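These are my notebook entries on a single structure. I looked up the overall fold first, then the charged side chains, then a few individual residues.

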Amino acid sequence: IFCSSQKSDREITYQQFKGSDVICMNSYEAKSAIETLQCSDISNFADLLESDLCVTDGSNGCYYHANKDITYYKSFEVNCIDSCGAGDAFFAALITEEDCVFANKWAALSVTKLGTEVPKLEEIDEIK
């Protein structure tokens, strides 16, 4: 079970995600959730939800939190045209491949397009 977080002005309901395989959120959402739920850090937050956490940070890449281990995955430098939909592209790729490197590449490709145009799979190998 993969869950995607979205910060809103409503009550924090991360408890609904408890026990998911992976919860994906951006760094802003993670910081807000940690503060609201009064967790000491991201590992404490992951423990509370009994789930792995993938925290995206835009052009800074992402962090994957699993069993107290944190792995950083770098982003890929591209010519950004439009960042609209990059988070959704990342999440879709993460669900499909369960691979943060692939997800970062897919999100990077998505920002080289205007709007939410889906990249071509053949473009993945072009990103180094």
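**Entry 1: Fold and overall dimensions**

I read the order of elements in the protein chain from the N terminus as β-β-α-α-β-β-β-α-α. I note at the outset that the model is predicted. The tally for the protein chain is four helices and five strands.

I then looked up the dimensions. The C-alpha trace of the protein chain spans about 40 × 30 × 25 Å along its principal axes. The radius of gyration is 15 Å, which agrees with the value near 14 Å for a compact globule of 128 residues.

For burial, I recorded that 42% of the 128 residues of the protein chain count as buried. The accessible surface of the protein chain is about 7700 Å², and carbon and sulfur atoms hold 47% of this area. Turning to contacts between residues at least 6 apart in sequence, I found that 48% join residues at least 24 apart.

**Entry 2: Charges and salt bridges**

I looked up the charged side chains of the protein chain and found 10 positive and 22 negative ones. The centres of the two sets lie 2 Å apart.

How many salt bridges does the count come to? I obtained four salt bridges, and I followed up three pairs, as set out below.

*Lys18 and Glu50.* The closest N and O atoms of this salt bridge are 3.6 Å apart. The pair links distant parts of the chain, 32 residues apart. Lys18 is in the loop between strand S1 (2-4) and strand S2 (22-26), while Glu50 is in the loop between helix H2 (42-49) and strand S3 (52-56). I assigned Lys18 as partly exposed because its relative accessibility is 46%. Glu50, at 53%, counts as exposed, since the cut-off for that class is over 50%.

*Lys31 and Glu35.* In this salt bridge the closest N and O atoms are 3.8 Å apart. I located both residues in helix H1 (residues 27-36), where they are four residues apart, about one turn of the helix. Lys31 and Glu35 are both exposed.

*Lys68 and Asp47.* I recorded an N to O distance of 2.2 Å for the salt bridge between these side chains. This pair also links distant parts of the chain, with the two positions 21 residues apart in sequence numbering. Lys68 sits in the loop between strand S4 (62-66) and strand S5 (69-73), and Asp47 belongs to helix H2. Lys68 is exposed because its relative accessible area is 57%. Asp47 has a relative accessible area of 39%, so I entered Asp47 as partly exposed.

**Entry 3: A lysine without a salt bridge**

I next looked up Lys105, which lies in helix H4 (residues 100-110). Which side chain of opposite charge is nearest to Lys105? I found Asp125, 5.6 Å away. Lys105 is buried yet has no salt bridge. The 5.6 Å separation does not meet the salt-bridge criterion, because that criterion requires the nitrogen within 4 Å of a carboxyl oxygen. Not counting residues up to four places away in sequence, Lys105 touches Phe76, Ile124 and Ile127.

**Entry 4: Ser5**

Is Ser5 buried or exposed? I entered Ser5 as buried because its relative accessible area is 9%. Ser5 is found in the loop between S1 and S2. Leaving aside neighbours within four places in sequence, I listed the contacts of Ser5 as Tyr14, Phe17, Cys24, Met25 and Glu29. I also looked up the separation between Ser5 and Ile81, which are 76 residues apart along the chain. Their C-alpha atoms are separated by 25 Å.

**Entry 5: Backbone angles with positive phi**

Finally, I looked up positive phi values outside glycine. Glu50, already noted in the salt bridge with Lys18, has a positive phi of about 50 degrees although this residue is not a glycine. Glu50 lies in the loop between H2 and S3.

Glu98 likewise has a positive phi, near 50 degrees, and is a residue other than glycine. I placed Glu98 in the loop between helix H3 (86-97) and H4. With 60% relative accessibility, Glu98 counts as exposed.

Terms used: Residues are numbered from 1 along each chain as its sequence is written. This is a predicted model: local features need pLDDT of at least 70, side-chain atom pairs count only at pLDDT 80 or more; totals for chains, interfaces and linings use all residues. Side-chain values use heavy atoms; hydrogens and water are left out. Buried means under 20% relative accessible area, exposed over 50%, partly exposed in between (1.4 Å probe, protein chains only). The radius of gyration is taken over C-alpha atoms; the globule rule is 2.2 Å times the number of residues to the power 0.38. Contact means heavy atoms within 4.5 Å. Accessible areas come from the Shrake-Rupley method with a 1.4 Å probe; for residues, only the protein chains shown count as cover. Lys and Arg count as positive and Asp and Glu as negative; His and the chain ends are not counted. The place of a charge is taken as NZ of Lys, CZ of Arg, CG of Asp or CD of Glu.
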